[in-house]
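Here is a short tour of a protein model, going from its contacts to its surface. Take a look at the structure first, and then read on.

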Amino acid sequence: VPSRFEPCGLVDIEFGFSGALMVGHATGGLGKMPGVYYAVESCADTHLAAKLSRAVEEALALPDAERNTMVGIALATAFSPPEMMDKYCAVWA
């Protein structure tokens, strides 16, 4: 997920619940699920593309056992709507 900003971060939950390993920008609401996240120091397209490319390479280089463990953790994670709303309110209040 190469979002410049992701205020709610529901997409990482959707990825995780689908059994997909999350690769994305560590911004806003992203980062709740196991995955490979990257930080950016510039909003230049070339910088963002390079960071995403390196994160994808890192994710693909993970040993199968580690990747499978991360996916298993994501599939077992539960997010109740009231808990999520409380967390969003705490961040955005």
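This is a predicted model. Let us begin with how the chain meets itself: of the contacts between residues at least 6 apart in sequence, 41% join residues at least 24 apart.

The secondary structure comes next. You will find 4 helices and 2 strands in the protein, and their order along the sequence is α-β-β-α-α-α.

Some overall values are handy to have side by side:

| Property of the protein | Value |
|---|---|
| Box filled by the C-alpha atoms, along the principal axes | roughly 35 × 35 × 15 Å |
| Share of the 93 residues that count as buried | 34% |
| Exposed area | about 5600 Å² |
| Part of the exposed area supplied by carbon and sulfur atoms | 64% |
| Distance between the mean positions of the 6 positive and 11 negative charges | 4 Å |

Now for a closer look at the surface. Which residues make the nonpolar patch of about 360 Å²? The patch is formed by F5, V91 and W92. One of these residues, V91, sits in helix α4, which covers residues 81-92.

Is V91 buried or exposed? V91 has a relative accessible area of 59%, and because exposed means over 50%, V91 counts as exposed. A patch residue needs over 30% relative accessible area, so the 59% of V91 is above that cut-off too.

To bring the surface together: carbon and sulfur atoms supply 64% of the exposed area of the protein, and F5, V91 and W92 make a nonpolar patch there.

Conventions
Residues numbered from 1 in each chain as written. Predicted model: local features only at pLDDT ≥ 70, side-chain atom pairs only at ≥ 80, totals over all residues. Heavy atoms only, no water. Patch = residues over 30% accessible without salt bridge, like charges linked within 9 Å, V, L, I, M, F, W, Y side chains within 5 Å. Areas by Shrake-Rupley, 256 points an atom, 1.4 Å probe, with all protein chains shown as cover. Salt bridge = Lys/Arg side-chain N within 4 Å of Asp/Glu carboxyl O. Buried < 20%, exposed > 50% of the residue type's maximum accessible area, 1.4 Å probe, protein only. Contact = heavy atoms within 4.5 Å. Lys, Arg positive; Asp, Glu negative; His and termini not counted. Charge placed at Lys NZ, Arg CZ, Asp CG, Glu CD.
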